[in-house]
Amino acid sequence: GGGSMGAANAWARFLVGVVLTFAFSQAGLHKLTDAVMPDVHSDLTQMIDKFAGSTWAWLPYGGEELRLAIGCVEINAAVLIHVPILRWVAITALATIMGCAIFTHVQHNDGKWPMPVALMALLYVYAALHASKRRTKRKDT
């Protein structure tokens, strides 16, 4: 039967989930504090301040609030992708952030769009693996 495929899918979900959790928790952490890597935090702070004054100037708050909000969502969603009832909310939140990041980096032509594109692709793979698991379960019942 599908036992070995199910096991392969489970391992793929686990591995992709771990990579996503690491990547987004690190990204969020660097936005929230300079305690880990001060240079990265400083670069992110300056970059997001610039974006908040241009691309996202229509928002009713500034760069610091934007940076803190994105960092908090990234860290929380990085954990919540492993909670079945909240997984799709977390994936959607992270995909929204990555979509906005891709748009912003392309608009500013700063060459920093490949990482959000890679993370968006990985989110898509993770979502597809979980959708595949759900379809398989429905067929068996």
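# Close-up views of selected sites

**View 1. The cysteines, beginning with cysteine 100.** Cysteine 100 is classed as partly exposed, with a relative accessibility of 31%. The coordinates shown here and in the views that follow belong to a predicted model. The number of disulfides in the protein is zero. For cysteine 72, which takes part in no disulfide, the nearest cysteine sulfur belongs to cysteine 100 and is 17 Å away. Cysteine 100 is likewise in no disulfide, its nearest cysteine sulfur being that of cysteine 72, at 17 Å. Because a disulfide requires the two sulfur atoms to be within 2.5 Å, the 17 Å separation leaves cysteine 72 and cysteine 100 unpaired. Cysteine 72 is also partly exposed, at 38% relative accessibility.

**View 2. The whole chain, for orientation.** The protein contains five helices and zero strands, and its elements follow one another from the N terminus in the order α-α-α-α-α. The C-alpha trace extends over about 55 × 30 × 25 Å along its principal axes. Of the 141 residues, 31% are buried. The exposed surface comes to about 8400 Å², with 68% supplied by carbon and sulfur atoms. Among contacts with a sequence separation of 6 or more, 64% join residues that are 24 or more positions apart.

**View 3. The largest nonpolar core.** This core has 16 residues, and those touching the most other members are Leu20, Phe24, Ile81, Leu94, Met98, Leu123 and Tyr126. At least two core residues come from each of the helices α1 (3–32), α3 (63–80), α4 (87–108) and α5 (114–140). In soluble globular proteins, nonpolar side chains tend to be buried together. Leucine 20 illustrates the packing: beyond its neighbours within four places in sequence, leucine 20 is in contact with Ile81, Leu119, Leu122, Leu123 and Tyr126. Apart from the largest core lies another one, of eight residues, including Leu44, Ile48, Phe51 and Trp56.

**View 4. Helix α2 and its buried residues.** Helix α2 covers residues 38–52, 15 residues in length. The distance from its first C-alpha to its last is 21 Å, close to the 21 Å expected at 1.5 Å a residue. Buried within α2 are His41, Leu44, Thr45, Met47, Ile48, Phe51 and Ala52. Of these, Leu44, Ile48 and Phe51 are among the members of the core of eight residues.

**View 5. Surroundings of leucine 94 in helix α4.** Leucine 94 is located in helix α4 and is buried, its relative accessible area being 0%. Residues up to four places away in sequence aside, leucine 94 touches Phe24, Glu74, Ala77, Ala78, Ile81 and Leu123. Phe24, Ile81 and Leu123 belong, as does leucine 94, to the largest nonpolar core. The C-alpha atoms of leucine 94 and isoleucine 70 are 9.3 Å apart in space, with their positions 24 residues apart in sequence counted as separation.

**View 6. The salt bridge between lysine 31 and glutamate 74.** The protein has one salt bridge by the rule applied. The bridge joins lysine 31 to glutamate 74, and the closest N and O atoms are 3.0 Å apart. This pair connects distant parts of the chain, as lysine 31 is in helix α1 and glutamate 74 in helix α3, 43 residues apart. Both partners fall under the 20% relative accessible area that marks a buried residue: lysine 31 has 9%, and glutamate 74 has 2%. Glutamate 74 is also one of the residues touched by leucine 94.

**View 7. Threonine 92 and alanine 127.** Threonine 92 is placed in helix α4. The residue counts as partly exposed, with a relative accessibility of 49%. Its C-alpha is 9.5 Å from that of alanine 127, although threonine 92 and alanine 127 are 35 residues apart in sequence.

**View 8. Asparagine 109, a non-glycine residue with positive phi.** Asparagine 109 has a phi of about 50°, a positive value, without being a glycine. Its position is in the loop between α4 and α5. Asparagine 109 is exposed, at a relative accessible area of 70%.

How values were computed. Residues numbered from 1 in each chain as written. Predicted model: local features only at pLDDT ≥ 70, side-chain atom pairs only at ≥ 80, totals over all residues. Heavy atoms only, no water. Core = buried A, V, L, I, M, F, W, Y, C linked by side-chain atoms within 4.5 Å. Buried < 20%, exposed > 50% of the residue type's maximum accessible area, 1.4 Å probe, protein only. Helix = DSSP H or I, 4+ residues; strand = E, 2+ residues; numbered from the N terminus. Contact = heavy atoms within 4.5 Å. Salt bridge = Lys/Arg side-chain N within 4 Å of Asp/Glu carboxyl O. Expected span 1.5 Å × (residues − 1). Areas by Shrake-Rupley, 256 points an atom, 1.4 Å probe, with all protein chains shown as cover.
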